[in-house]
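Please read the following account alongside the sequence and the coordinates, taking each region in turn.

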Amino acid sequence: MLRGVALLGVLAINVVTEFRVSIFEQFLPPGRSASALDRVVETVLTLAVEMKAFALFSLLFGVGLAIQFEHLSTNPSRALLLFRRLIVLLMFGLIHLCLIWNGDILTEYALAGLIVLPFLFGPRWLLAAGAATFLGLYLAMQVWSPPGLFPGFASIQRNVQEANHVYATGDFGQVLAFRLREIPLIVPLHIFIFPRTLGLFLFGALAWRGGALRRPNRTFLFSSGASCIALGAVLILLKSAGAVTNASFDALANPVDTILMALGYGAIIIAIANSASGKMLLGWAAPLGRMAFTNYLAQSVIFGWIFYGYGLGLFGHLGAGKALAIGLAVYVAQVVFSAWWLGRYRFGPIEWLWRTLMYGTPQPMSLARQARPI
């Protein structure tokens with residue numbers, strides 16, 4: 001359920017800020033005036049969702065790694081299987097990055113997973129120390145950014161201008177060529193966020209290993225989740241109002257509130273989901289979350305066709321409100337499709353392929369052939 005809800009946040013940000021317009025437009029001064037609705041949508045997504053959804057997904061990936069590690073505890077090939085699982089994810093990520101959409105996160109997750117994997121063989125204190133170290137490094141990079149990491153303003157401006165033309169009017173070959181040329185500009189964004197990804201992977205694994213998610217205490221989750229969200233909101237308001245002029249605070253407010261609110265969102269949703277009424281309220285998200293890999297890739301294909309020149313060519317022509325409405329329609333369709341699919345099959349199609357390549361043998365797919373899902 002949590003993964004399905006988190007995917008909604010990821011979709012909303014991707015469709016509004018990375019498919020509708022160039023990912024680098026956010027680094028330029030505001031262009032043409034937007035409608036009041038578009039300004040509201042952009043403000044809400046920026047303050048409440050942007051980066052928080054990705055941070056929450058990073059936490060969940062770390063939880064997933066820990067669950068897989070535990071599930072394979074009696075398998076003598078555990079390390080090899082998990083390594084193969086991440087290499088297959090890396091393969092999927094590179095295909096997605098180069099051929100479908102260069103906003104891909106799978107490649108970064110696969111590389112981060114390979115680094116985190118050895119930590120899973122250690123005790124809980126090692127997971128905690130690793131999480132603290134990588135998150136500390138991430139926060140330090142906000143204050144002391146590595147020189148020369150990001151492209152200059154003129155380079156970004158040229159890229160946005162070219163993106164506005166190629167993505168809106170180019171055929172598949174032209175879009176593909178430009179997408180590949182953009183990758184060197186996008187890599188620094190991943191480098192800047194990579195320590196946070198590592199830290200949240202380890203924090204998620206620690207949360208599972210420590211039993212916080214295995215045996216959830218709803219009172220603790222509600223109280224801690226509400227506290228994290230409230231503190232994150234205070235940081236957002238202070239920064240937005242310019243109430244604190246300290247340079248370090250200005251640099252750290254956004255990354256800290258992102259982590260706090262991601263933790264808060266996750267805790268609240270898990271607390272809600274661990275009740276009969278919560279399962280009724282959020283149960284629709286479970287099939288979508290079980291097929292998150294398939295749905296994530298499908299969103300890239302669908303939005304590529306909607307916004308790029310080889311499809312409808314709506315890139316740069318829609319406001320944030322209309323783009324979000326399209327994204328929500330796609331999301332609802334995926335909710336319905338995921339429930340239908342998992343009523344007949346054990347895994348989503350990409351999840352099945354991922355699992356099959358990991359184990360090196362075709363996995364049972366039909367529910368009719370194997371009634372008990374694993």
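Buried, as the word is used here, means a relative accessible area under 20%, exposed means over 50%, and partly exposed covers what lies in between. The model discussed is a predicted one, and its cysteines make a suitable starting point. C98 has a relative accessibility of 25% and therefore counts as partly exposed, whereas C228, at 19%, counts as buried. The structure holds zero disulfides.

Two helices deserve a careful comparison of length with span. Helix 8 runs over residues 172–209, and a straight helix of its 38 residues would span 56 Å at 1.5 Å a residue, yet its end C-alpha atoms are only 45 Å apart. Along its course, helix 8 bends by about 45 degrees at I193, with the proline P195 following within four residues. At the start of helix 8, a side-chain oxygen of D171 comes to within 3.2 Å of the backbone nitrogen of G173, while after the helix comes G211, whose phi is positive, near 90 degrees.

Helix 10, which covers residues 247–273, gives another case. Its 27 residues should span 39 Å at 1.5 Å a residue, and the 40 Å between its end C-alpha atoms agrees with that expectation. Helix 10 nevertheless carries a kink of about 40 degrees at A253, shortly before the proline P255. At its start, a side-chain oxygen of N246 reaches to within 2.9 Å of the backbone nitrogen of S248.

Further along the chain, L297 has its place in helix 13, which comprises residues 292–307. Is this residue, L297, buried or exposed? Its relative accessible area is 13%, so L297 is buried. Between L297 and S227, which stand 70 residues apart along the chain, the C-alpha atoms are separated by 34 Å.

The interior can be considered last. When the whole structure is searched for cavities of 30 Å³ or more, one is found, and the largest cavity has a volume of about 70 Å³. Which residues line the largest cavity? Its lining draws on several stretches of sequence: E18, V21, S22 and I23 are among the lining residues, as are W101, N102 and G103, and the list also includes Y167, E182, I186, Y308 and F315.

Terms used. Residues numbered from 1 in each chain as written. Predicted model: local features only at pLDDT ≥ 70, side-chain atom pairs only at ≥ 80, totals over all residues. Heavy atoms only, no water. Expected span 1.5 Å × (residues − 1). Bend = angle between axes of the 7 residues up to and from the residue. Polar contact = N/O pair within 3.5 Å; in protein donor to acceptor, adjacent residues only side chain to side chain. Disulfide = S-S within 2.5 Å. Buried < 20%, exposed > 50% of the residue type's maximum accessible area, 1.4 Å probe, protein only. 1 Å grid on protein atoms, 1.4 Å probe; cavity = no way out; pocket = protein on both sides within 12 Å on 5 of 7 lines; lining within 4 Å. Points joined across faces, edges and corners; volume = space filled by probe spheres on them.
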